[in-house]
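Subject: The structure I promised you

Hi there,

Here is the structure we talked about, ready for you to open. Have a look around first, then read on for what turned up in it.

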Amino acid sequence: MDTIVLEPINIAVIAPTGAGKTALISTICSYIEENSDKADGYTLELESDAARELNNFDVAVSNKLAGLNMKFESQALLPPTDGCDTYEFSMNFEDETSGISVKQPFKVLDIPGKFINDRLGFKGDSAYNEFVKHLDHSRILWIPIDTPIMMECNAPDERSLSDFIRCTTNLKHFAVEWAQFAAKNKKIDYCNFVLIKSEKYFSQDILEQYQSELPTRFDQAYGGIVKAMQKHNKEDKISCVAVETIGAVKVGDVEWGDKNCKVEYIATGREREIRGADCLLRDALFVAKSNVNDEIKIQVAAKENDRTRFAANLDYIIKEHEQNIMFLEIREQELGREEQELRNVEQQVKDASWWEKLKDTFGFGSLPELKEKIRNLQAHRLSLSAEIKTGKAKIEDLRSRRDDTKMCISNIDTEISALKKVIVWFDNLSCGNIDSRYYRNL
């Protein structure tokens, strides 16, 4: 199976320390691993050891859920990241009929939140430079939001103490930078504001309570960033996506401390689910669609050029084949006449042997002359026979070349059809239904 490996799509993740960047990436990796063969028309695959090892986060969550009640800081599930870590996954599409496979890789960069906390304090740092370069060349931007803090942060002093709220200015700077660079590539890119640790606010039994409050809270905290991005880039898509990263828990009390808060999480007793991740990956598919369209169109154009070239060659072969058949027919007719004349001369020789003395009277010529003519006729007949044999071989070769060329054209048509089917796949998949509870266009 021929595999078309497309250009990797970069995904940048930006948020302050403890907002849940690594938790979000881990949740997406877990979803991919659990649903690798369950997707409709394509498969998901973790491509790097780092992505597979992120499942350690699930262990941390499970340990936290060991008791019915637990209290821990929202930052405490995983220690802060010191350097940039890259996680890779891919979406793979196969058409066994035509033998074509398409792999769309994605590269996710997890950065230290301190770059967002203090964007001016790390300029010149190699990891910071890696982050900025990745951000500027990313087609997708994920901005994780600690939902409990956004929803439970009420008093003015709480807002001023929260790093997550205070860092929105720096967050806006990087988001706008991404939007400006994204506007240059003339493609549709995607920014997702990702509500994580959001289980409480999307539970079916209390959903109505937060249906109006949650969008209001989001607009108050992040609406300015959305408007600033849209000012610099009106073509790209911006959405708010809720992804349940913790699982079978609900939020209890929130206690505010120095620049942070402690959140009480209470186990609900049900099995952990990862909901909303499919919405996030659906948007990644949407971005991949333009990548696929560009690449596949190039390949289709190349295949169509090959087809045109083979078709022209086929026309030439057919014409040459027809000309050789006509030449062969003429030679076979000439050979027939030569053989008839040879038989006549041979009969003359036979008759002349009886009437040699009367050769002048009957005008048959001398016997040596007749025998010489026979030799010439026989030699010419052999030459004609050789030409006919060569002609037949050439016709057979042309027939074989004609059939091979027709087969090549047929194979190219199959490949073109399969390549176009890939585009249809992406069009259908990227327009799939999404759970409106977890998704909102901005």
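Of the 442 residues in the protein chain, 47% count as buried. Keep in mind that this is a predicted model. The chain exposes about 22,300 Å², and carbon and sulfur atoms supply 48% of that. As for secondary structure, you'll find 14 helices and 12 strands. If you take the contacts in the chain with a separation of 6 or more, 82% of them are between residues 24 or more positions apart.

Now for the inside. The largest nonpolar core has 87 residues, and those with the most contacts inside it are Ile14, Phe131, Leu141, Trp142, Phe193 and Met229. Which helix gives this core its largest share? That's helix 12 (residues 277-354), with 12 residues. There is also a second, separate core of five residues, including Leu328, Leu335, Ile388 and Ile395.

Met229 is a good place to start clicking. Leaving out its neighbours within four places in sequence, Met229 is in contact with Leu141, Ala175, Val176, Trp178, Ala179, Cys191, Phe193 and Ile238.

Next, a few single residues, with their close sequence neighbours (up to four places away) left out of the contact lists.

Val13 sits in strand 2 (residues 9-13). Is Val13 buried or exposed? Its relative accessible area is 1%, and buried means under 20%, so Val13 is buried. Val13 touches Lys21, Ile25, Val108, Leu109, Ile111, Trp142 and Pro144. Leu109 is 96 residues from Val13 along the chain, yet their C-alpha atoms are separated by 6.4 Å.

Ile140 belongs to strand 7 (residues 140-146). Ile140 is buried too, because its relative accessible area is 0%. Its contacts include Ile9, Asn10, Ile11 and Ala12, as well as Phe106, Trp178 and Ala284. Measure along the sequence and Ile140 is 131 residues from Ile9; in space, C-alpha to C-alpha, the two are 7.7 Å apart.

Leu280 is part of helix 12. With 0% relative accessibility, Leu280 counts as buried. Which residues does Leu280 contact? They are Leu24, Ile28, Trp142, Asn192, Val194, Val241 and Val243. Val243 lies 37 residues from Leu280 along the chain, and their C-alpha atoms are 8.0 Å apart. Trp142 is worth highlighting on your screen: it appears among the contacts of Val13 and also among those of Leu280.

Leu46 is in strand 3 (residues 43-46). A relative accessible area of 8% is why Leu46 counts as buried. Leu46 and Ser30 are 16 residues apart in sequence and 9.4 Å apart in space, C-alpha to C-alpha.

Last, a pair of helices. Two packed helices are described by the angle between their axes and the distance between the axes. The axes of helix 5 (residues 126-136) and helix 9 (residues 168-184) come within 8 Å and cross at roughly 45°. An angle of that kind is neither roughly parallel nor roughly perpendicular, so helix 5 and helix 9 are oblique to each other. Helix 5 brings Tyr128, Phe131, Val132, Leu135 and Asp136 to the contact, while helix 9 brings Phe174, Glu177, Trp178 and Phe181. How many of these residues fall into each class? Seven are nonpolar, none are polar and two are charged.

Have fun with it!

Methods: Residues numbered from 1 in each chain as written. Predicted model: local features only at pLDDT ≥ 70, side-chain atom pairs only at ≥ 80, totals over all residues. Heavy atoms only, no water. Core = buried A, V, L, I, M, F, W, Y, C linked by side-chain atoms within 4.5 Å. Buried < 20%, exposed > 50% of the residue type's maximum accessible area, 1.4 Å probe, protein only. Helix = DSSP H or I, 4+ residues; strand = E, 2+ residues; numbered from the N terminus. Contact = heavy atoms within 4.5 Å. Areas by Shrake-Rupley, 256 points an atom, 1.4 Å probe, with all protein chains shown as cover. Axes fitted to C-alpha atoms, helices over the stretch in contact; angles between N-to-C directions. Parallel < 35°, antiparallel > 145°, perpendicular 65-115°, else oblique. Nonpolar A, V, L, I, M, F, W, Y, C, P; charged D, E, K, R; others polar.
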